[in-house]
Amino acid sequence: MSFSIGFVGAGQFAGHFASLFRLHPGVSAVYATDLIPERAERLVADLGLDGTFKDFDAMIQSEEVDAVAIFTQRWTHGEIAVKALRAGKDVYSAVPMAITRDEIAAIIQAVRETGRVYMMGETSYYNPAVVYARKQAAAGAFGDIFYAEGDYVHDMDLGFYDAYRFSGGEAWKETASYPPMLYPTHSIGGVLGVLPAHAVSVSCLGVVDQRGDGVFDRAVSRFGNDFSNASALFELSDGGVMRINEMRRVGYPSPIRESRFRFFGTEGSFEQIATVSVWQDKTEVHDVSALLATPETLAADHPSLADLSPTLRAAFSSGHAQVHDVQRLPSSFDGAPNGHEGSHQFLVDDFVAAVLQRSVPTVNAWVAARFTLPGIVAHESAVNGGVRLVIDDFGEAPETVGASVDALHEG
Ligand SMILES: NC(=O)c1ccc[n+]([C@@H]2O[C@H](COP(=O)([O-])OP(=O)(O)OC[C@H]3O[C@@H](n4cnc5c(N)ncnc54)[C@H](O)[C@@H]3O)[C@@H](O)[C@H]2O)c1
């Protein structure tokens, strides 16, 4: 059994995932569309995909396409996801799920009503530190985890200026000011990818940018945002505490490791810096760095794989960490591109499995909401001087999705 998938958005990141979907034995065809048609045509030509559609509407109206992969700019996903679900397509969405509570609610309602699969491609879910901490937590090695930290530490000077210029064209400064806490999933997702808890309230402080280059300028910003760094303290549903940092002006080598985590339990703890990870109990420190990384997984992610020869590709992030369960991946992924510390291949495989088995994926709409909404509320808190705000919860995912893969064609 196999299904076809259409990429909406053929910019810098889409190539990483289009190449993997093309290689997966569960995928029969991969298409692309972009507001800038040459980008879709180039992606198709470079990766040997199956064709383009003139626009997103044509793609979701087509019976040739069973699922949609959303790789448009980060503030656009909510509406596109709902339209695709309502058109009967299964949806893979790059992060974040959405940027408002209403958009999140609309996606969850659409998933409920259509029975389609929705998955958010949160790379930190398969970050080696998160995989390791999940295993330690399942084995009871932490005791009770009462405090955890997630940092997404990505300086604007390390690739973001170029990325936003590519993404936003002449008016790029309007959107380069995207609020850090509206991109919270690489930090929150890593912490909540381990803990059996969700955030219930938050107090957040934003740091007003001082660079003066017109990027984090409220008069220019589409989001009215002048924070380039923000730190939030969350109350969790199990009584624990989560501290989250979203940093865009920071002297830190984000190409080596842009998400980092710490977990403190009553019996054991885990701490991580750029190149070192340790497990600790009450008497010893165990350096687990080699379990969680190789020089290949810690190499920088290239913004796009579409134009890379295999030789050039070798200079960028690839491979897996020892802690990753590579046995579960299809053999067609051997030597295939990977990224974000070895996470990409697992996300693609998770989505393909959920679509073919009609099962609820790992980072389903309910989990995605728990990874995304806390950041939205944290930003609101920061805008209001750090006032503590309650975070709504949409609950747990149902155990099954509704429609079969054939229902799309029968309907
Ligand atoms: N670690 C991660 O998970 C990670 C890393 C990088 C990027 N991302 C996410 O991936 C997404 C894509 O990032 P990117 O850097 O490739 O962005 P990009 O700006 O380079 O590309 C987005 C493309 O989408 C196209 N587009 C926008 N709206 C469209 C529409 N309605 N129909 C068709 N095409 C449309 C644009 O023309 C553009 O070419 C972002 O949401 C980003 O948050 C995630």
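F13 lies in the loop between β1 and α1. The model is predicted, and this report starts from that residue before turning to the ligand, the sheets and the backbone.

**Aromatic residues around F13**

At 30% relative accessibility, F13 counts as partly exposed, because the partly exposed class runs between the 20% and 50% cut-offs. F71, at 9% relative accessibility, counts as buried. The structure holds 27 aromatic pairs in total. One of them is formed by F13 and F71: the ring centres are 5.9 Å apart and the planes meet at 50 degrees, so this pair is tilted. The contact joins distant parts of the chain, since F13 sits in the loop between β1 (3-8) and α1 (14-23), while F71 sits in the loop between β4 and α4 (77-86), 58 residues apart.

F71 also pairs with F17, again in a tilted arrangement, with 5.4 Å centre to centre and 35 degrees between the planes. F17 belongs to helix α1 and F71 to the loop between β4 and α4, so the pair ties together parts that are 54 residues apart in sequence. Both F17 and F71 are buried.

These residues belong to one aromatic cluster, made up of F3, F7, F13, F17, F21, F71, Y92 and F351. For a sense of distance across the model, F13 and S289 are 276 residues apart in sequence and 28 Å apart in space, C-alpha to C-alpha.

**The ligand site**

F13 is also among the residues closest to the ligand, together with Q12, D34, R39 and S167; 22 residues surround the ligand altogether. This shell divides into 8 nonpolar, 11 polar and 3 charged residues. The table gives polar side-chain contacts with the ligand.

| Residue | Ligand atom | Distance |
|---|---|---|
| R39 | oxygen | 2.7 Å |
| S167 | oxygen | 2.7 Å |
| H186 | nitrogen | 3.2 Å |

On its own the ligand has 860 Å² of accessible area, and the protein covers 89% of this.

**The parallel sheet**

Strands of a sheet pair through backbone hydrogen bonds, either parallel or antiparallel. Here 6 strands form an open sheet with parallel pairing, in the order β3-β2-β1-β4-β5-β6. The edges are taken by β3 (51-52) and β6 (118-120), each with a single partner strand, so one side of each has no neighbour in the sheet.

Within this sheet, strand β4 (residues 67-70) and strand β5 (residues 90-93) run parallel and are joined by 4 bridges. I70 stands opposite S93 in β5.

**The antiparallel strands**

Antiparallel pairing appears in β8, β9 and β10. Strand β8 (residues 199-208) is joined to β9 by 9 bridges, and the two run antiparallel. In this pairing V208 stands opposite F227 in β9. On to strand β10 (residues 241-247), β9 makes 7 bridges, also antiparallel. L233 has R243 in β10 as its bridge partner.

The hairpin of β9 and β10 has 4 residues between the strands, and in it G239 takes a positive phi near 90 degrees. How much of strand β9 is buried? The count is 7 of the 10 residues of β9 (residues 227-236), so the strand is largely enclosed by the rest of the structure.

**Backbone exceptions**

Most residues other than glycine have a negative phi, and most peptide bonds are trans. Where do exceptions occur?

A cis peptide bond joins V95 and P96, with omega about -5 degrees. P96 is placed in the loop between β5 and α5 (101-114).

Positive phi values occur at H340 and E341. Phi of H340 is near 50 degrees, in a residue other than glycine. E341, likewise not a glycine, has a phi of about 55 degrees. H340 lies in the loop between α11 (310-313) and α12 (344-357), and E341 lies in the loop between α11 and α12 as well. At 18% relative accessibility H340 counts as buried, because the class ends at 20%. E341 counts as buried at 5% relative accessibility.

Conventions
Residues are numbered from 1 along each chain as its sequence is written. This is a predicted model: local features need pLDDT of at least 70, side-chain atom pairs count only at pLDDT 80 or more; totals for chains, interfaces and linings use all residues. Side-chain values use heavy atoms; hydrogens and water are left out. Two strands pair if DSSP finds at least two bridges between them. A residue is near a molecule or strand if one of its heavy atoms lies within 4 Å of it. A polar contact is a pair of N or O atoms within 3.5 Å; within protein, one must be able to donate a hydrogen and the other to accept it, and residues adjacent in sequence count only if both atoms are side-chain atoms. Accessible areas come from the Shrake-Rupley method with a 1.4 Å probe; for residues, only the protein chains shown count as cover. Ala, Val, Leu, Ile, Met, Phe, Trp, Tyr, Cys and Pro count as nonpolar, Asp, Glu, Lys and Arg as charged, and the others, Gly among them, as polar. Rings of Phe, Tyr and Trp (its six-membered ring) pair if their centres lie within 6.5 Å; planes under 30 degrees apart count as stacked, over 60 as edge-to-face and the rest as tilted. Buried means under 20% relative accessible area, exposed over 50%, partly exposed in between (1.4 Å probe, protein chains only).
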